[in-house]
Structures are given as C-alpha cells and as structure tokens.
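Subject: Handover of a structure and notes on its features

Dear colleague,

Please find below the structure that I am handing over to you, followed by an account of what was found in it. I would be grateful if you could read the notes with the coordinates open.

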Amino acid sequence: MKKYRGKLIFIIACILLSFYFLYPTYKDYKFTKELRSIIGEDSVKYLEENEGAIRDARMKRIKLGLDLQGGMRVVLEVNVLKLLDDIAKNKDSLFESIMNEVHLAGTTSEVDLIDVLKQKFQNREVRMSRYYGNIRDSDDDIIGRLRNESDNAIDRAMEIVRNRVDQYGVSEPSIQKSGARRIIVELPGVSKESEVRQLLQGTALLEFKLLIDPEIASKVYETIDKTLAGKPLIDSALADTSNKTASAKDKTKKQDTAKEDTSAVLDTSFAQLPEEQIKAREQAEKEHPFFALAGMLPQEDRPWNGELYTADENKAKVMRILNKPEIKRLIPVDMAFVWSAKSSFIAEGKKYFTLYAVKKTAELTGGVIVDARATIDPNYNQPVVTMEMNSDGSRDWARITGANVNKRIAIIMDNACFSAPVVRSKIIGGNSQIEGMENVDEAKLLEIVLKAGALPAPVDIIQQTTVGPSLGEDSIRKGIFSSLLAFGLTIFFMLVYYRMGGTMADLALLLNLLFVLAVLAGFHGTLTLPGIAGIILTMAVAVDANVLIFERIREEAVTGKTLAAAIDTGYKKAFTAIFDSNLTTFFTGVILYQFGSGPIQGFALTLMIGIAASMFSAIVITRVIFNIMTDSGKIVNFG
C-alpha cells in the first residue's frame, strides 16, 4: 500500500480538485431552481440577499453554448467598399463606375476588394493618386495604405462590437473573426432582435445642428406646398427666405418651445378630420397637398415652431417629395431635414413623427464625447443620457451655445433627432444631455453606443439565427438522456462481460466524466450539443482502452502467469496500441479545433479533453486499484 501512496495522493487530489471546480455549477443550479420556485417580493429579496454568490457561481460554472441555453448567432460583414468610398477624394463618374465594378465583384465571390480595386484602376490606366493620397504617391504605396486602413477597420470593428456586447451585459458571448471581412457574434440568452441589430450596426454618428428659424422653415414649406398645388410663386418670398437664411446666425428670436397640446395638433391634422367632411378633405388636399400629406395644415391663430407631424406611413412619401429635383431648387442650400427618433404621439392607432428643419452643417460632432451615462432627470422623472465633452469640445460648445441663446439645437444621432432643446444660456464645462427616450433600457442602449465609439465602417448582418430558450432546454434534456443511456449501456456491458474488472472500468469511466466536466469548468470552456457528442465518444474511447487491457490480461493468465504478473504484462503490452490510437485521435481533434468553427470546435474540445482524461483513468487509476487488490490477496475476475 505504501508504494502506491504517491499515486493515490495524486488521484485523490485530482478528484477533489474536480469537485472544487464543479461546485459552482452545482450552486448555480440550486440558485436557479430556487429562483424559479419563488415569485414576487420573495424572489427579489432572495436575489438581493444572494446576489454576490449567484454572480460568483455564474462566472465559475460550466458555460453552456448557444444551442443549449438559447440566444442569437449573428454573422457581420464589414463594408470595406463603403470605407474605400468614404476616404476617396475628387470623386467623379469614372470613380463611381470603378466602385460599381468592385462592388459587383465583391458580391459574387469572397475576393480581396483592395486587389480588385487595384486591378480595376490598372485596367482603366488611371493612377490611384487621382482619388487617394498625394499626387506623387505610387499605386503600390496607396494600396499599402488602403490595405492597412481596411485591416485596421476590421480589427477596430471587432473591438467596438466586443465593447458594446460587454457593456450590454451579455454573459459568455463569443466574438471571432471569420475570413477577411466577417465577424461571428454569438450572444447566449439574448432574444431581442431589434436591440441586437441596433447594438451591432449602430454607427453612433452624433451631431449637434441648429434648427432653421421657424419663419424661414414656414416660408419654405409654404413654397413647396404651393408648387405642388400648381399655384404661382412670388419671387420675393423666395428671395426673402434666402436672405433670412443667410443672416440667421446674426438674429436672436425668442421661441415658445413648450410642447403643444396633442389635442390641438389633432385639430389641425389633416389625417384627423372627421369622416363627414370628406369633401372638405378633398378640397384641402388639392389646396395644400404637402401639408395634407405631412399631416399638418398651416395655422394663423397660434404660433408655430417650424415642426411638421407626419404619420409613420407617410414619412417615405414626404422624403420623396423633398428629394425631387424641382423641389430641391426651392430649398436653401444649407437646409436639411431629419425625423424624430421616436414618435411624438399616437392618434387612431397611427404613430406620428416630427420633421425638423435643421442646418445642413453640424456645429459639433460626437467625437468630442468622452463619457455618457443613462440616468433619470430628477426634475421631470424622465430617462436621459448625460454627456461629458473633452476640453476642445467644451470650448466649442461654450462658443456655440453662447452665440445661439434662445435658439434650438437638435441632438442628432445616426440621422435621427433625439431632442431639440432651447439654449437658455451659454453652457460652460461641456456637459449636456439627450432626451426623448421612452424608458431606461433605451437610454442605457444609447449610452453603450456612445461610449463604445463609432464603427470605422458600416457592418451588414448577412446571417442571423435565433435559438429559443425552450429549444435550448429541450437540447439539454435530450443531451443528458443520450449521455445517460450511453453511459448506462456501457456500464451494463462491462459488468456482465468482465465482472470485477468491469466494475473497476466503470469506476474509471465515472472519474473520466468527472475530469472532463471539471476541466471545462476550470478553464471556462463552453459545453455545446456537439460537445456532449464528444463526451459520449470519449466514453467509448475509454472503454476501448480497458477492453484491450482486459483481453491482454486474459491472454497472459491462460499461459499460467499469476494474476499480478498477468495484470502487469497486460498493461505493458496494451499500452502501445492504446497510446498510438489515442494520439492519432487527439491530433485529429487538434486539427478540427484549429480549422473548424462553432459546433465543430465544441466537439473537438471535449474530445481532446476526454482522450487525455481516459488515458489517465484507464491506464493509471485502474492499474493502481488492481495492484492494491492483488497485493492485499483479493481475487480479481476478468470474466
């Protein structure tokens, strides 16, 4: 017994260490079961009392893959072509033609767009310095810089996506690069598709733009309305509009920016006119086609702040009108239009959005934002996002707000206006806030996007798969059932065929399973459905090793050797075959893990861990047990 003391201590230490690594998984199971059994205030109280322990157990437990706990798998593709288009200069019809050809080549195959771009320029015999870099740069120098920009854009996109996912609070996410332009994102336990799309694709282009003076906006809208109605225009009106636009920065006009009562809006909304006034509606549509479509008729009995309220179904129609060439000529060159990020009100089941007329050039961009935080405004009890600017941004912000007191500045992110507050006084210190969020969750999502930064190039979702929680639980049940069935049949066969030797082999099989799960937990591995298949295959590999050993022992016992000698010889002669077969299988697992993805990697990981564990349990543990039994004079029957 003493000569096996070192091996016994090592085996017992491995077993105890395995239980130590698996204990958090057991605790997490108990916590989850307890939380499901209680509801209401009791569950909240239980969660508050055990929050630290629950979080610790959740961090150290065996991680479950997407197929076992449900969630979303999204494949993103970084739009390198858009990046190349954005950094180009002096763009003309020739450049657009080349980019269209590159786009066509990129959509038909997985090619390097940089190489395709170079080839297209060479085919046209056009120097790339015409659109990129300096005039003296060679094509090779420009290609090198473009390739560097492309690689950096993809790496930055991965980091930004990772930062956003981490701040979103997803536990155990998987983010990995696939090929030259694609990123695979797996988010276990997430099912809100719209939030995930905004989180992954949001470019976080934050801009601060001045609103056009309401009087100027009103004249522009009236001119558009008259043009659509076929009424003659007064040239002086347009001239007056242009003059006022040019001198808007030198004027200070106090506005009443209090929200107009929704009922008042409905009284003036073309969409809300009573059904009995069909003729009046038709007449109004003929006289004011633009205002009728936009949902707001001009009023003379009360002040107007330059906003239009449009039904969601009419937003696209309004923008088509504003983008018509004949209408664009009526709009001042420094005037642009943006929609509110959220609906302003709902009437008769329709959502109405606000159309803002803003300056085309931004006064300030989101690059100066150094911090953002979602909170509740104590004055109005509404969710807001507070922003902190750097020194340069603070200085510019103080100058901008100081020059535009009593004017409105639209806070626009990704071409959607979140709020348009009035500048009451000069803002010093660079602290501001965005309003207009419906709830704290929406404010938190905006905070994440602002803090994580803007994507260097747009990303497109080219594949999306959602696994529901119920499907994940069903997979777990089936996986556990199949594992127990395979385990039970194997144990039964070994007990019947090899008697006492089979009993020891079954014990080694249990320890092998324990070691595999402990390694997954200890090294924060992820258990997937293919991983369960790998564990089942590992059981077969472990039993196969014991079968080889036992058959060798049988052969040696037939020659007349003692039981102890037969056991020693059997292990020695079987070792070579066991080692060679396991080594080749292990190398196969390494190759699968290196070049595979997702499910293949899960299978390969558990297979490699299982092979290493089976070598230890089948060759070391069972031999120590048999040696101790033979030394103590016990008879070991191998069938």
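How many bridges join β11 to strand β12, and in which sense do the two strands run? Eight bridges link them, and the strands run antiparallel. Please note that the model is a predicted one.

**The three-stranded sheet**

Strand β12 covers residues 382-389. Together with β11 and β15 it forms an open, antiparallel sheet of three strands in the order β11-β12-β15. The edges are held by β11 (369-377) and β15 (431-434), each of which pairs on one side only. From one strand to the next, the twist averages 30°. Within the β11-β12 pairing, Arg373 is placed opposite Thr386 of β12.

**The chain as a whole**

The secondary structure of the chain consists of 22 helices and 17 strands. The chain has 639 residues, of which 43% are buried. Among contacts with a separation of 6 or more, 71% are between residues 24 or more positions apart. The exposed area of the chain is about 33400 Å², and 55% of it is supplied by carbon and sulfur atoms.

**The four-stranded sheet and its surroundings**

A second sheet for your attention is open and antiparallel, with four strands in the order β3-β4-β2-β16. Its edge strands are β3 (174-178) and β16 (459-467); each has a single partner strand, so one side of each lacks a neighbour in the sheet. With direction ignored, neighbouring strands in this sheet are turned by 15° against each other on average.

Strand β2 (residues 71-78) pairs with β16 through eight bridges in the antiparallel sense. One of the residues involved is Val78, whose bridge partner in β16 is Val459. Helix α9 (residues 193-201) lies across β2, β4 (182-188) and β16, and runs at about 150° to β16.

Val459 also features in a long-range relation with Lys82: the two residues are 377 positions apart in sequence, yet their C-alpha atoms are 9.7 Å apart in space. Lys82 belongs to helix α5 (residues 80-86). Lys82 has a relative accessible area of 35%, and is therefore classed as partly exposed.

**Helix α15**

Which residues of helix α15 are buried? In this helix, which spans residues 315-322, they are Lys315, Val318, Ile321 and Leu322. Viewed down the axis of α15, these buried residues fall within an arc of 125°, and so they line one face of the helix. As general background, an α-helix has 3.6 residues a turn, so residues three or four places apart point the same way.

The elements against which the buried residues of α15 pack are as follows: the helices α10 (214-229), α14 (289-294) and α16 (325-328), and the strands β6 (308-311), β7 (335-340) and β9 (350-359).

**Helices α20, α21 and α22**

Helices α20 (residues 529-558) and α21 (residues 563-595) have axes that come within 8 Å and cross at roughly 145°. Their crossing is right-handed. On the α20 side, the residues that meet α21 include Val541, Leu548, Ile549 and Ile553. On the α21 side, the residues in contact with α20 include Ile567, Tyr571, Ala574 and Ile578.

Ile567 is also touched by Asn627, whose other contacts are Tyr4 and Asp568, not counting residues up to four places away in sequence. Asn627 is found in helix α22 (residues 599-631). Why does Asn627 count as buried? Its relative accessibility is 11%, and the class requires a value under 20%.

**Two residues with positive phi**

Two loop positions may be of interest for their backbone angles. Glu125 is not a glycine, but has a positive phi of about 55°. Glu125 is in the loop between α7 (113-124) and α8 (139-168). Its relative accessibility of 74% places Glu125 among the exposed residues.

Asn406, likewise a residue other than glycine, has a positive phi near 70°. Its loop runs between α17 (391-403) and β13 (409-413). Is Asn406 buried or exposed? Asn406 is buried, since its relative accessible area is 19% and the cut-off for burial is under 20%.

With kind regards

Technical notes
Residues are numbered from 1 along each chain as its sequence is written. This is a predicted model: local features need pLDDT of at least 70, side-chain atom pairs count only at pLDDT 80 or more; totals for chains, interfaces and linings use all residues. Side-chain values use heavy atoms; hydrogens and water are left out. Two strands pair if DSSP finds at least two bridges between them. Axes are lines fitted to C-alpha atoms, for helices over the stretch in contact, and angles run from 0 to 180 degrees between N-to-C directions. Buried means under 20% relative accessible area, exposed over 50%, partly exposed in between (1.4 Å probe, protein chains only). Contact means heavy atoms within 4.5 Å. Accessible areas come from the Shrake-Rupley method with a 1.4 Å probe; for residues, only the protein chains shown count as cover. The arc is that of the directions from the helix axis to the C-beta atoms. A crossing is left-handed if the near helix is turned anticlockwise from the far one by less than a right angle, and right-handed if clockwise.
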